[in-house]
Amino acid sequence: MSLKVYNTLHGRKEEFVPLNEGKVKMYVCGPTVYDTSHIGHARSVVVFDTILRWLQELEYEVTYVRNFTDVDDKIIKKSNETGEACSAITEKYIDEFHNEMDALNVLRPTVEPKATEHIRHIIDFIQMLIDKGKAYLVEGGDVYFSIDSFKEYGKLSGRNPDDMRAGARIAVDDKKKSPLDFSLWKPAKPGEPFWESPWGKGRPGWHIECSAMSYEYLGEGFDIHGGGKDLIFPHHENELAQSEAVFGRQFVKYWIHNGFVDINNEKMSKSLGNFTMIKEVLDTYSPEVIRMFLLSNHYRSPIDYSEDSMREVSMGLDRIYAFLERLENAGVSLYESQLDGSRKGELWNDFCAAMNDDFNSAKAIACVFEAVKKGNRLLDDANDSPGADLLETLNLFYNDIHAISNILGIFLLDSKSYFKAKKEKGMADMAIDPAQIEAFIQERVDARKNKDFARADEIRDHLQSMNVVLEDGPQGTTWRFE
């Protein structure tokens with residue numbers, strides 16, 4: 001099955017055929033580094049990290065560029081408020097972003113360019129636009145892109161420039177030719193960082209930086225441009241216009257946009273005060289739970305962050321690790337080589353079909369749960385003592401899950417380490433003494449031997465109230481935190 005990708009440009013799924021056989025060039029808009037990153041930023045990064053991993057699994061050589069916007073009104077405002085240099089602010093939040101993404105097992109891109117390190121490229125790009133009559137300089141040092149010079153403006157977002165122009169308000173002293181023309185270069189104001197340019201001291205507008213940097217690292221046209229749906233207009237629409245206006249060719253073949261993260265069924269918004277920062281979520285949940293949550297809906301759909309949804313994901317991850325532990329106890333292990341395609345089973349085939357259908361991680365994860373359900377049933381029937389034929393089937397399950405873990409970036413731990421870490425975190429968070437839990441378990445064992453089932457159930461319920469789950473098996477009773 002060939003890879004199909006939903007292309008925002010055409011509003012449909014299309015077969016993925018890169019511009020150059022065997023190679024993929026991908027650019028994804030990164031954060032504006034003026035503050036701590038929130039869970040919405042994490043979704044975009046994890047989504048495109050998973051896309052990167054799948055493209056690599058398909059044996060494409062991927063050049064992946066994700067930028068940092070490190071000059072911006074918000075950064076300048078924070079600098080003025082705190083007295084801290086813009087560069088110090090941006091470096092602080094870049095370091096924080098890297099630490100958080102590393103914790104979420106996100107692979108580093110091929111290149112992570114910063115806008116401030118590419119001012120010369122940005123100036124050169126703007127000059128090309130001016131030379132081609134696509135941009136103009138006004139008194140005072142502003143440079144604007146003329147949307148009337150690009151007849152296809154609006155083709156990505158589906159917006160009609162005439163409709164947008166009709167609803168726009170034009171200030172009396174506005175020097176722009178059209179209210180929709182956007183800034184490429186801004187003259188410096190007192191107290192702001194600036195760079196020398198042919199149009200005077202100033203700094204770049206937001207949209208131009210990505211066109212200049214993608215051109216620098218990926219050339220005039222490339223395969224995939226990604227980001228959140230909020231970037232479709234105006235940012236990506238403007239990128240497309242200025243890049244195609246300069247080079248007279250298609251800028252990007254496939255535009256991919258991820259959906260938003262809501263908080264308790266409300267749109268995440270600073271005005272509502274419901275922004276949830278990544279570091280806060282990492283304080284509460286393991287990185288694998290967070291990553292699995294972010295991949296649990298199709299990337300184009302919205303996803304709702306809540307305590308209930310995170311608890312549900314956490315319990316689901318427990319079930320997968322409990323199955324892996326059960327397989328290990330039954331004598332299942334990894335094959336010596338994961339590279340032999342013949343050593344892949346039905347689960348891997350189902351997973352591949354899901355990922356080739358527009359990177360459907362939600363369906364891919366559902367395939368894993370279905371395999372866990374089937375595998376547990378087989379183990380139940382065999383009383384956890386599988387024969388040779390069943391052992392081979394279970395080996396395929398085990399190996400497929402480990403192969404899948406490298407794509408999704410979850411279930412990467414060995415099961416014993418996972419449950420040990422979860423116990424330690426749970427005990428630290430809840431101040432629970434593990435010896436007390438073991439004592440309760442022994443009391444329950446004795447109660448069951450004495451046929452005092454009411455007391456045994458009472459102990460189980462009490463431990464459940466402490467979020468401790470008991471699991472009875474042929475080798476005794478084990479416990480974990482829910």
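Is D49 buried or exposed? At 1% relative accessibility, D49 counts as buried. This aspartate belongs to a salt bridge with R53, in which the closest N and O atoms are 2.9 Å apart. R53 likewise counts as buried, at 8% relative accessibility. The two residues are four apart in helix α1, and are therefore separated by about one helical turn. These values, like those that follow, derive from a predicted model.

The chain comprises 482 residues, of which 51% are buried. Its secondary structure consists of 16 helices and 15 strands. Along the principal axes, the C-alpha atoms fill a box of roughly 95 × 50 × 40 Å. Among contacts between residues at least 6 apart in sequence, 76% join residues at least 24 apart. Three domains are assigned: domain 1 spans residues 4-258, domain 2 residues 307-415 and domain 3 residues 432-481.

The centres of domain 1 and domain 2, taken over C-alpha atoms, are separated by 39 Å. Contact between these two domains involves twelve residues of domain 1 and 13 residues of domain 2. The size of an interface is often given as the accessible area lost when the parts come together. For domain 1 and domain 2, about 1,200 Å² is buried between them, with 61% of this area on carbon and sulfur atoms. Six residue pairs are in polar contact across the two domains, counting pairs with both residues at pLDDT 80 or more. On the side of domain 1 that touches domain 2, the elements giving two or more residues are β1 (4-7) and α1 (39-57). Helix α1 gives the most to this side, with five residues. By residue class, the same side of domain 1 divides into six nonpolar, two polar and four charged residues. One salt bridge is counted between domain 1 and domain 2. A salt bridge joins K13 and D357, whose closest N and O atoms lie 2.6 Å apart.

Across the whole structure, the search finds 26 salt bridges. The side chains of D73 and R203 meet in one such pair, with an N to O distance of 2.4 Å. This pair links distant parts of the chain, since D73 lies in helix α2 (residues 73-82) and R203 in strand β8 (residues 202-204), 130 residues apart. D73 counts as partly exposed at 43% relative accessibility, whereas R203 is buried, with a relative accessible area of 4%. Both residues take part in a network of salt bridges that also links K186 and E192. A further salt bridge is formed by the side chains of R311 and D308, at 2.9 Å from N to O. These residues are three apart in helix α10 (residues 307-329), and are therefore separated by about one helical turn. R311 is partly exposed, with a relative accessible area of 40%, and D308 is exposed, at 55%.

Individual residues in the strands were also examined. H225 is placed in strand β9 (residues 222-228) and is buried, with a relative accessible area of 0%. A polar atom of the H225 side chain lies 3.3 Å from the backbone oxygen of Y27. Apart from residues up to four places away in sequence, H225 touches Y27, C29, H236, E239, F251, V252, Y254, W255 and I256. R12 lies in strand β2 (residues 12-15) and is partly exposed, with a relative accessible area of 46%. With neighbours within four places in sequence left aside, R12 is in contact with V5, Y6 and N7. The C-alpha atoms of R12 and D73 are separated by 36 Å, the two residues being 61 apart along the chain.

Several backbone features were also identified. A cis peptide bond, with omega of about 5 degrees, joins F233 and P234. P234 lies in helix α7 (residues 232-247). N383, although not a glycine, has a positive phi of about 50 degrees. The position of N383 is in the loop between α12 (361-381) and α13 (388-408), and the residue counts as exposed at 60% relative accessibility. K451 also has a positive phi in a residue other than glycine, near 60 degrees. K451 is placed in the loop between α15 (434-449) and α16 (453-465), and counts as exposed at 64% relative accessibility.

Terms used. Residues numbered from 1 in each chain as written. Predicted model: local features only at pLDDT ≥ 70, side-chain atom pairs only at ≥ 80, totals over all residues. Heavy atoms only, no water. Domains from an automatic or database assignment. Contact = heavy atoms within 4.5 Å. Buried area = accessible area lost by both parts, 1.4 Å probe. Salt bridge = Lys/Arg side-chain N within 4 Å of Asp/Glu carboxyl O. Polar contact = N/O pair within 3.5 Å; in protein donor to acceptor, adjacent residues only side chain to side chain. Nonpolar A, V, L, I, M, F, W, Y, C, P; charged D, E, K, R; others polar. Buried < 20%, exposed > 50% of the residue type's maximum accessible area, 1.4 Å probe, protein only.
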